[in-house]
Amino acid sequence: TWFGWLSPRARTRVGAEWKREDEDTYLSREWRLDVTQSLRLRNRDLANIGVSVSRLSLRPYSEVDRLIIDRESGLFEVWSNRHWDWTDDPLYPSHGGSAKLTATWSPPIGVNDSPYISLQGDLSLYRSLGRLGVLAGHTRVGLAEPLGGTEALLPNRRFYAGGYSNMRGYGRRQLGPRDDEGVPRGGAAVLLGGVEARIPLVWLFEAAVFVDAGQVWWRPRDIRLADVETAAGVGLDVRTPLGPVRVGYAWNLGEVAPGQSTAMAHIGVGYPW
């Protein structure tokens, strides 16, 4: 149900959902009740604050996580995010930028089996190069910490990287810590960055040349810039009313994780950022 009370631009949402995720790292089923207050400040700028209560059933695929993660967990979370958008076009930006800051606090109280705190910031910038196209850049920083003596973050509350929308030299969620069997585990710290040149060709086609970099660490204190992986690639886009449809190929420039390919093809709708 929806109703506004702070201002004509405010909306309050009360919702219930059931979500199932089957990833390389875990299988989860989550019942969630939440109350979210949204306020559209101006143009496309938006602020949200919410409270949610969840009941999770988790099956980690990592042998390490099976020893430290409860299969059934209750979770109480307070979260907020602030989104700024000053791009000229949400589908095909050529100048301006966007930023998003998200904070989540799950306090160590009785109903909470896996308390934690998390903060993530994203920044995307665009600069027109005239007839040469557009230069786009993106960066993401995320940090989290389990609270109340909890050994680790729940697998579905960790940071992950790899795939079409961030580090394209790795498969989806394949970048970062792994267990002895090679299962990716995610982590409590992430650093991502990328630069991309989008070059018009003929008709609705454009080419892309990009460099991506990033890494996920198990704990914030494990962060070392020497661990950051880099990849370079090319793409071909077709402009559509729903956004660009892209095919591309990326090559890892450093040593990759065991079992990970040195090159990766991808396809998607919309720009990665």
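Here is a short tour of this protein chain, from its overall build down to a few single residues.

Keep in mind that the model is predicted: local features need pLDDT of at least 70 and side-chain atom pairs count only at pLDDT 80 or more, while totals for chains, interfaces and linings use all residues. Residues are numbered from 1 along each chain as its sequence is written, and side-chain values use heavy atoms, with hydrogens and water left out.

**The whole chain**

Let's start with the parts list. The protein chain has one helix and 13 strands; these are DSSP runs numbered from the N terminus, with helices being H or I over at least four residues and strands being E over at least two. Going along the sequence, you meet them in the order β-β-β-β-α-β-β-β-β-β-β-β-β-β.

How does the radius of gyration fit a compact globule? A compact globule of 273 residues would have a value near 19 Å, and the protein chain has 20 Å, so the two agree. The radius is taken over C-alpha atoms, and the globule rule is 2.2 Å times the number of residues to the power 0.38. Along the principal axes, the C-alpha atoms fill a box of roughly 60 × 55 × 30 Å.

Of the 273 residues, 46% count as buried. Buried means under 20% relative accessible area, exposed means over 50%, and partly exposed is in between (1.4 Å probe, protein chains only). The accessible surface comes to about 14,200 Å², and 60% of that belongs to carbon and sulfur atoms. Those areas come from the Shrake-Rupley method with a 1.4 Å probe; for residues, only the protein chains shown count as cover.

Now for who touches whom. Contact means heavy atoms within 4.5 Å. Looking at contacts between residues at least 6 apart in sequence, 58% join residues at least 24 apart.

**The core**

The largest nonpolar core has 23 residues, and those with the most contacts inside it are Leu 154, Ala 161, Met 167, Tyr 170 and Val 190. The elements giving two or more residues to this core are β4 (45–60) and β9 (189–200). A nonpolar core here is a set of buried Ala, Val, Leu, Ile, Met, Phe, Trp, Tyr and Cys residues joined through side-chain atoms within 4.5 Å.

Take Val 190 as an example. Leaving aside neighbours within four places in sequence, Val 190 has contacts that include Phe 159, Ala 161, Val 216 and Trp 217.

**Four loop residues**

Here are some residues from the loops, with their accessibility.

| Residue | Loop | Relative accessible area |
|---|---|---|
| Asn 156 | between β8 (134–146) and β9 | 11%, buried |
| Arg 173 | between β8 and β9 | 18%, buried |
| Trp 203 | between β9 and β10 (205–217) | 74%, exposed |
| Thr 262 | between β12 (245–252) and β13 (263–269) | 53%, exposed |

Which residues does Asn 156 touch, not counting those up to four places away in sequence? They are Glu 21, Tyr 26, Ser 28, Glu 30, Leu 56 and Leu 58.

Thr 262 touches Ala 250, Trp 251, Asn 252 and Val 256, again not counting residues up to four places away. The C-alpha atoms of Thr 262 and Tyr 170 are separated by 8.4 Å, with their positions 92 residues apart along the chain counted as the separation.

Finally, a look at backbone angles. Arg 173 is not a glycine, yet it has a positive phi of about 60 degrees. Trp 203 is not a glycine either, and its phi is positive at about 55 degrees.
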